[in-house]
Amino acid sequence: MKMAALCSEFGNLVDIKKQLISVISLCKERGLLHSAKWASELAFALDPLPKDELPSSPPFTEDDAQDLDALTLAKSYFDLKEYDRAAYFLKGCCSQKAYFLYMYSRYLSGEKKKDDETVDSLGPLEKGQVRNEALRELRVELSKKHTAGELDGFTLYLYGVVLRKLDLLKEAVDVFVEAIHALPLHWGAWLELSNLVTNIEMLKSLSLPDCWIKDFFMAHMYTELQMIKEALQKYQNLIEAGFSKSTYIISQIAVAYHNIRDIDQALALFNELREQDPYRIDNMDTFSNLLYVKSMKPELSYLAHNLVEIDKYRVETCCVIGNYYSLRSQHEKAALYFQRALKLNPRCLGAWTLMGHEYMEMKNTSAAIQAYRHAIEVNKRDYRAWYGLGQTYEILKMPFYCLYYYRKAHQLRPNDSRMLVALGESYEKLSQQVEAKKCYWRAFSVGDVEKMALLKLAKLHEQLTESDDAAQCYMLYIQDIFSCGEQLEHAEVSTALRYLGQYYFKSKLYDEASLCAQRCCDYNDAREEGKALLRQISQVRDQIETPSADLFAPLSNNNTPVRRVSPLNLITFTP
């Protein structure tokens, strides 16, 4: 039943293949190579068409015929990156195709001059200050044509890009939506729109065409908005609908798993992707992030050498090499390669964020702040940059700034315990203990990856002399650590046992206190205190009758010692 619905939603795969072949040709004619590549990869994942099913060329208009020679000449110059020369020969052409290439050549000429101006004279941190001088003229001309209704889907896309570059974001969104309605199969317009969607409410408010490509866009947006469960479901639906051979979908699923820190699953998919497409460079920087996190130095070294052999001047290659040097703690070299990546592409989000991390390692906080700010300019949804800014201001002992940036990171990753713990620490430094308690408890509730939230909550209760609450948190903390089998490796277990030993001793629960004291003897930093407490318990027991009940059995069975402590209402700390 589900499969039938999917097939009807996507219609006939033969028709989809025909549409892809047609749009590949249209994009190539206009120099939109990335969109042509995306459509080509998707078409390759579908079965070949028989000769009689191949789509025919679009009809040739009188304007097309008149502009043919100029367009052919200009396109040859365009392909060799001689943009001003291409624009010169296209000036005055009437056809839609020639007009797009004329305006696009002028736009790319401005972009090239901007990059040339910045490469030698300024470092990558100042790149954002240089502007494309052609943008304002292009906007005026395209605006007139837009008002007159003379722009086709491709030229609407270019108009949207110009508006985005001029930071006219609301107008850009409207124009990109218009471009998508005019030409739904142009993936570049969908991607540009995705960079401007800031939240799920905005996504739902967009009026998008009902086309099969919309599912690819929605899956991409769910990944960007950290709605990973929904994204994975969308990609699974696409696979079942007939795109099971698509390397694009495999790579996107791998990125989705990377975003939820399911490292093993993501690594398996990237390895599968490398087998299917061994010369692929797209997304390999994300693959290197995973290898970095797992400290897989030989694999990261092999990947870096392999990509250098394929193309050492690709952004992703520079990021992979940067990660390799970072893993070897050669942070100056790592930062150098991230700078190289940014010379190649100033809008490379990953390179800005990773360079910020390297500057943090080198204790260069001002450069780190600049790098993270540039990352946010590129993509306001990059939680790593917001989190990095919070960490930087934490080093600078500016808790109000920390709070602002950690809040931003938390909004983007509401169920990430690291953001919540960082928020709690900021509130604690600002003496907002109630908010700090809420954050720590929430971090524990969503699954504390670093096993620190309960410990910080317990210590906060301890500082506020809320001994029952502190004891309850320490008990939950020990239970959590013991359930993971990490108790011997986790240094703070001794802190919890010390506190609980004293707490039970003061509460005259000597069996519990004795067991905690014995456990303290397993840790070097708590051994002497454990022995002292055992001596105290022995002295007291000499004076009173020793209870015989086995009241502290739960802790010895890796449970928390809650039998004699009255239940504590920690629910009140839940946000």
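A crossing of two helices is called left-handed if the near helix is turned anticlockwise from the far one by less than a right angle, and right-handed if it is turned clockwise. Keep that in mind for the last stop of this tour, which goes through a predicted model.

Begin by selecting residues 187–194, which form helix α10, a mostly covered element in which seven of the eight residues are buried. The buried positions are Trp187, Gly188, Ala189, Trp190, Glu192, Leu193 and Ser194. To see what lies over them, add α3 (33–44), α8 (153–165), α9 (169–182), α12 (213–224) and α14 (247–259), which are included in the cover of the buried residues of α10.

Next, colour residues 247–280, 315–348 and 349–382, the spans to which an unreviewed UniProt entry gives the annotation "repeat: TPR". In residues 315–348 the end C-alpha atoms lie 8 Å apart, and the span is 79% helix and 0% strand. For residues 349–382 the end C-alpha atoms are 8 Å apart, with 79% helix and 0% strand in the span.

Finally, select α24 (residues 417–429) together with α26 (residues 453–463), two helices that pack at an angle of about 15° with their axes 10 Å apart. Because angles under 35 degrees count as roughly parallel, α24 and α26 are therefore described as roughly parallel to each other. Their crossing is left-handed, in the sense given at the start. Show the side chains of Val421, Glu425 and Glu428 on α24, and of Ala453, Lys456, Leu460 and Gln463 on α26, since these residues make the contact. Sorted by class, the contact has three nonpolar, one polar and three charged residues.

Key: Residues numbered from 1 in each chain as written. Predicted model: local features only at pLDDT ≥ 70, side-chain atom pairs only at ≥ 80, totals over all residues. Heavy atoms only, no water. Axes fitted to C-alpha atoms, helices over the stretch in contact; angles between N-to-C directions. Helix = DSSP H or I, 4+ residues; strand = E, 2+ residues; numbered from the N terminus. Parallel < 35°, antiparallel > 145°, perpendicular 65-115°, else oblique. Contact = heavy atoms within 4.5 Å. Nonpolar A, V, L, I, M, F, W, Y, C, P; charged D, E, K, R; others polar. UniProt positions renumbered as here; feature names shortened; annotations may be inferred. Buried < 20%, exposed > 50% of the residue type's maximum accessible area, 1.4 Å probe, protein only.
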